[in-house]
Amino acid sequence: MTTKQKKMLFRVLAAFLLFAGLFFCEHTGRLEGIEESLLLPAIYLIPYLTIGYDIIYKAIRNIIHGQVFDENFLMMIATFGAFAVGEYSEGVAVMLFYQVGELFQSYAVGKSRQSIADMMDICPEYANIEQAGVLTRVDPDDVEVGSIIVIRPGERIPLDGVVTEGESLIDTAALTGESVPRRAAAGDTVISGCVNGSGTLKVRTTKEFDDSTVAKILELVENAGSKKAKMENFITRFAKYYTPVVTICAVVLAVLPPLILGGGWGSWIQRACIFLVISCPCALVISVPLGFFGGIGAASRIGVLVKGSNYLEAVAEMTTIVFDKTGTLTKGEFRVTELHPQGIRGEQLLELAALGEGYSSHPIAVSIREAYAGKSEGAEPDMNRISGARELAGYGVCVQVDGKETLLGNEKLMSDRGISCVPCQSAGTVVYVAQEGVFLGAVVISDVVREGAKEAISAMKQVGVKKCVMLTGDREEAAEAVAGELGIDEVHAQLLPADKVAQVERLLDGQPEKEKLAFAGDGINDAPVLTRADIGIAMGSMGSDAAIEAADVVLMDDDVRKIAAVVRISRRTLAIVKQNIVFALGVKALVLLLGAFGMANMWEAVFADVGVSVIAILNAMRALKAE
Amino acid sequence: MKKKFKMEDLDCANCAAKMEEAIKKIPGVKDASVSFMTQKMMVEAEEKDFDGIMKQVVSVCAKVEPDCKILI
């Protein structure tokens, strides 16, 4: 509790004791004799002012500033009204109850703010910089790019960089939600915000603090609040009209019926006071953004950054998701997946291919050499065995291995040279190998499907995504194979970056307005598509800064399974927000109605105001819980 | 340009909404948001007019909620 809250609590207790004493005296007849005089309201003014002096002060001050529909003012009028009709104890009780509610409310909001702040507690406070063998603690802001910083066990990594010395396990949970620590050794990149585990690391920084991951994330999350959801805007607009309308109703209720029907003013003024108490829209105005804030917090806890309440709202309505293949559904790493030797052993075929591709830096050649190194325990192919390598653009290569002419390339190369080969139907890139005119087999290289991609697709189907589409610049066969394996509904292959935008636009045109389309990509070449889709989802750790900038949702650890989890979080958040709106409006409407017919009292009115507000806040806090 | 300010004693959510609306009406303000949850304010305006605009921001906010301080 803050000092302000403690002071308020003290005032509440003091006023309560005074009030209880008075109430007891009045009802046991000890105040008899002064009931008709002005002394009774004067006595009741003591607890009233104890609890409500600040309200009256603020009300008067705000009225001078022209704030007519101010909640302090409305409370003042309502309680004065109660005094005017002789309901002194009710007047005091309403003020007391109102302040208790406000206290509760500020406590609950403070708590939720705290828990969100704790969750976002990833900001490093210092960096250890090494200068002439001495470690000095400096502000991460002051560290220049290229400096060597030292991170001891248990410390938070202050800046992005590359490890130059040391080895350790790094806890990335705060950023990615991943609980298994990651190993980092010399040469590995580390990102700021993670916690260093067991060993001391020396890191050469690659970014300034403002550009480092942790600063970017904090900025994103802080700004998330300013992009408001439709529901939030609706509530703010509603609140603008709600208070004046209810207040005018109160005035009408106080004046018209007694004039028309005649009779006493007392009961009608009391009913009008009930209206005034209920006229504050605070429960709604607090609980809606708080719910969204909680939802965004819950998502960031599992390593997904949502850049605004509006995107969280859109994710809940997502029915179509478009994936970029390479780097999103697949790892974007090419590997030798199949060997089809013809007349020789598999190892021989691989060795021959590795020799043949020995000089090339093409990704395919690299992956063949890697496969060879893996099979032969790290041995490099003996480059002395080859000579006279020639690149045949669009076909492959021609080299002399041990003096024998060896061809490596596509089917066209084989048929061009009149070599009869066995065509290979596998998905992926096929390298045919022939020596001295004899076909020796084929090596298939394909991209590897990302772990969990299949579960991700089926999980998305479960949460109600109707269509999963995959776009790729890759060949038809390779695309079909991946799509078949993962359970993708629609595939478009051999696309240029511009075609991807066109495909997404076509899908956007074809879908009903209420449904949303998401595009998930690693951000290499697809920033335009990320912006064009209703929801752009980028891979955070692989993706470029530009992609993180362009995207609306960022998966910090590139795990596509998290998309379905975010859909669930967003649905739950929206459900909570809707519950709050319905509950708050429902209770208010009911009490207004009962109040108009004289069936509700001030107590119920105060409950409909602050009580509902507290319940709505507690409900909104549920959105913060990660699954 | 956009600038962010911390706010102190912003106690009511409805006031935050009222402030936001009032700030958006100040001439020269391109966009503004007042977040009750983070107790922060964001104002976007041309750099050369910023100081003048901020004076008006402070005064409109004081009208809505005199207890609330903007830390500039």
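Colleague: Before we get to Gly161(A), what counts as pairing between two strands here?
Modeller: This is a predicted model, by the way. Two strands pair if DSSP finds at least two bridges between them.

Colleague: Good. Which residue of β9(A) stands opposite Gly161(A)?
Modeller: Start with the strands: β4 (residues 161–165) and β9 (residues 201–205) of chain A run antiparallel and are joined by four bridges. Across from Gly161(A), on β9(A), you'll find Thr205(A).

Colleague: And which strands stand at the edges of that sheet in chain A?
Modeller: The sheet is open, with six antiparallel strands of chain A in the order β2-β1-β3-β9-β4-β7. Two of them have a single partner strand each, so one side of each has no neighbour in the sheet; those edge strands are β2 (134–138) and β7 (189–190) of chain A.

Colleague: Now β20 (residues 516–521) of chain A: how many of its residues are buried?
Modeller: Look at both faces. Lys516(A), Ala518(A) and Ala520(A) point one way, Leu517(A), Phe519(A) and Gly521(A) point the other way, and all are buried. The rest of the structure therefore largely encloses β20(A), and the count of buried residues is six of the six.

Colleague: Which residue of β21(A) stands opposite Phe519(A)?
Modeller: β20(A) has parallel pairings with β11 (residues 318–324) of chain A, over five bridges, and with β21 (residues 535–539) of chain A, over four bridges. In the β11 pairing, Phe323(A) has Ala520(A) as its bridge partner. On the β21(A) side, the residue opposite Phe519(A) is Gly536(A).

Colleague: Over to helices. Are α9(A) and α20(A) roughly parallel or roughly antiparallel?
Modeller: In chain A, α9 (residues 282–301) and α20 (residues 602–621) pack with axes 8 Å apart, at an angle of about 5°. Angles under 35 degrees count as roughly parallel. That makes the answer for α9(A) and α20(A) roughly parallel.

Colleague: How many charged residues are in the contact of α9(A) with α20(A)?
Modeller: On α9(A) the contact includes Cys282(A), Ile286(A) and Leu290(A), and on α20(A) it includes Val612(A), Ala616(A) and Met621(A). Its residues divide into nine nonpolar and four polar, and the charged count is no residues.

Colleague: Last one: which element gives the largest share of the side of chain B that touches chain A?
Modeller: Chain B puts 15 residues into the contact and chain A puts in 17. On the chain B side, two or more residues come from each of α1 (13–24), β2 (29–35), β3 (40–45) and α2 (50–64). That side divides into eight nonpolar, four polar and three charged residues. The largest share, three residues, comes from α1(B).

Notes. Residues numbered from 1 in each chain as written. Chains lettered and ligands numbered in written order. Predicted model: local features only at pLDDT ≥ 70, side-chain atom pairs only at ≥ 80, totals over all residues. Axes fitted to C-alpha atoms, helices over the stretch in contact; angles between N-to-C directions. Parallel < 35°, antiparallel > 145°, perpendicular 65-115°, else oblique. Contact = placed C-beta atoms within 7 Å. Nonpolar A, V, L, I, M, F, W, Y, C, P; charged D, E, K, R; others polar. Buried ≥ 20, exposed ≤ 12 C-beta atoms within 10 Å, placed from the backbone.
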